[in-house]
Amino acid sequence: MNNLCQMNSYLKFLIGIIIGLTVISCLGLPEDDTDYTPEREAAIISEYIDSLFARGYDVDTSAAGVYYVILEEGEGDYVQPGDSIGIKYVGFFPENSGVFDTSEYWYDDGIWKFTYSSANLISGFYNAISLLNKGTTGLFMMPSDLAYGSTGTTTIPPYSPIVFELELADIYQQSTE
C-alpha cells in the first residue's frame with residue numbers, strides 16, 4: 001500500500017510538471033526585440049571606451065582596429081606565428097559584461113594550448129594575441145568586423161563588439177622560422 005501511495009504522488013508530480021511545461025510553451029518566452037545595427041554597435045563601443053577612461057585606463061588601438069588596455073605588463077618576446085602558446089581567456093559583451101566563453105570551462109588548468117596562427121580564430125583574436133608577451137594580461141575589444149560581423153553566431157548577435165580578457169600564460173616553444 002505504501003508503494004502505491006508513493007507511486008501516486010510521483011504520478012501527480014509528473015502530471016504537474018507536464019501541465020506546467022505545456023502552459024509555459026503555449027505562452028511563449030519574450031522575444032528579444034533588440035535592433036542589432038551598426039549604430040547600436042558604435043554606441044556600445046563608445047560607452048565601453050568611455051568607461052575604461054573613467055576607470056583611469058589608457059586605451060590604445062591596434063593597427064587592425066582592436067581597442068585594448070594592458071592590465072599587467074609581461075616580459076620577454078612577443079608571440080610570433082608558429083609559437084606554441086598557452087592562453088587564459090574570458091570573452092564577454094561590453095554592454096553588460098555577460099560572459100559568452102571562458103578557458104576555465106574548456107580546459108582543466110584553464111589554459112588553452114595551441115600553436116599561434118594554426119587555430120581557426122577570428123581576426124581580432126589573432127591581432128590581440130600578437131600584442132602579448134609572457135605574463136601580459138589585457139582587455140581587448142573587437143568590433144564586429146574583427147569578430148562575427150553582420151551575421152553573428154548562435155550565441156553572439158550580429159553587429160556585436162566583444163571583449164576578451166587575455167593572459168599569455170606561457171610560450172612553450174618558440175617558432176624556429
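Biologist: Over which residues does pLDDT stay under 50?

Modeller: This is a predicted model, in which local features need pLDDT of at least 70 and side-chain atom pairs count only at pLDDT 80 or more, while totals for chains, interfaces and linings use all residues. Residues are numbered from 1 along each chain as its sequence is written, and side-chain values use heavy atoms, with hydrogens and water left out. The protein chain averages a pLDDT (the predictor's confidence in each residue, from 0 to 100) of 86, and 81% of the residues score at least 70. The stretch with zero contacts (heavy atoms within 4.5 Å) beyond four places in sequence, where pLDDT stays under 50, is residues 16–30.

Biologist: How are the ring planes of Tyr89 and Trp112 set to each other, and what is that pair called?

Modeller: Rings of Phe, Tyr and Trp (its six-membered ring) pair if their centres lie within 6.5 Å, with planes under 30 degrees apart counted as stacked, over 60 as edge-to-face and the rest as tilted; by this rule the count comes to eleven aromatic pairs. For Tyr89 and Trp112 the centres are 6.0 Å apart and the planes stand at 70 degrees, so the pair is edge-to-face.

Biologist: Which strands hold Tyr89 and Trp112?

Modeller: Tyr89 is buried (under 20% relative accessible area, with exposed over 50% and partly exposed in between, for a 1.4 Å probe and protein chains only) at 7%, and Trp112 is buried at 15%. The pair ties together parts that are 23 residues apart in sequence, because Tyr89 and Trp112 lie in strands (DSSP runs of E, at least two residues, numbered from the N terminus) E3 (residues 84–92) and E5 (residues 112–115).

Biologist: What kind of aromatic pair do Phe93 and Phe100 form?

Modeller: Phe100 has its place in strand E4 (residues 99–102), and Phe93 counts as buried at 13% relative accessibility. Beyond its neighbours within four places in sequence, Phe100 is in contact with residues including Phe93, Ile162 and Phe164. With 5.1 Å centre to centre and 50 degrees between the planes, the pair of Phe93 and Phe100 is tilted.

Biologist: Which residues form one aromatic cluster?

Modeller: Phe93 and Phe100 are paired, as are Tyr89 and Trp112. Together with others they make up one aromatic cluster, whose members are Tyr89, Phe93, Phe100, Trp112, Phe114, Phe125 and Phe164.

Technical notes. Helix = DSSP H or I, 4+ residues; strand = E, 2+ residues; numbered from the N terminus.
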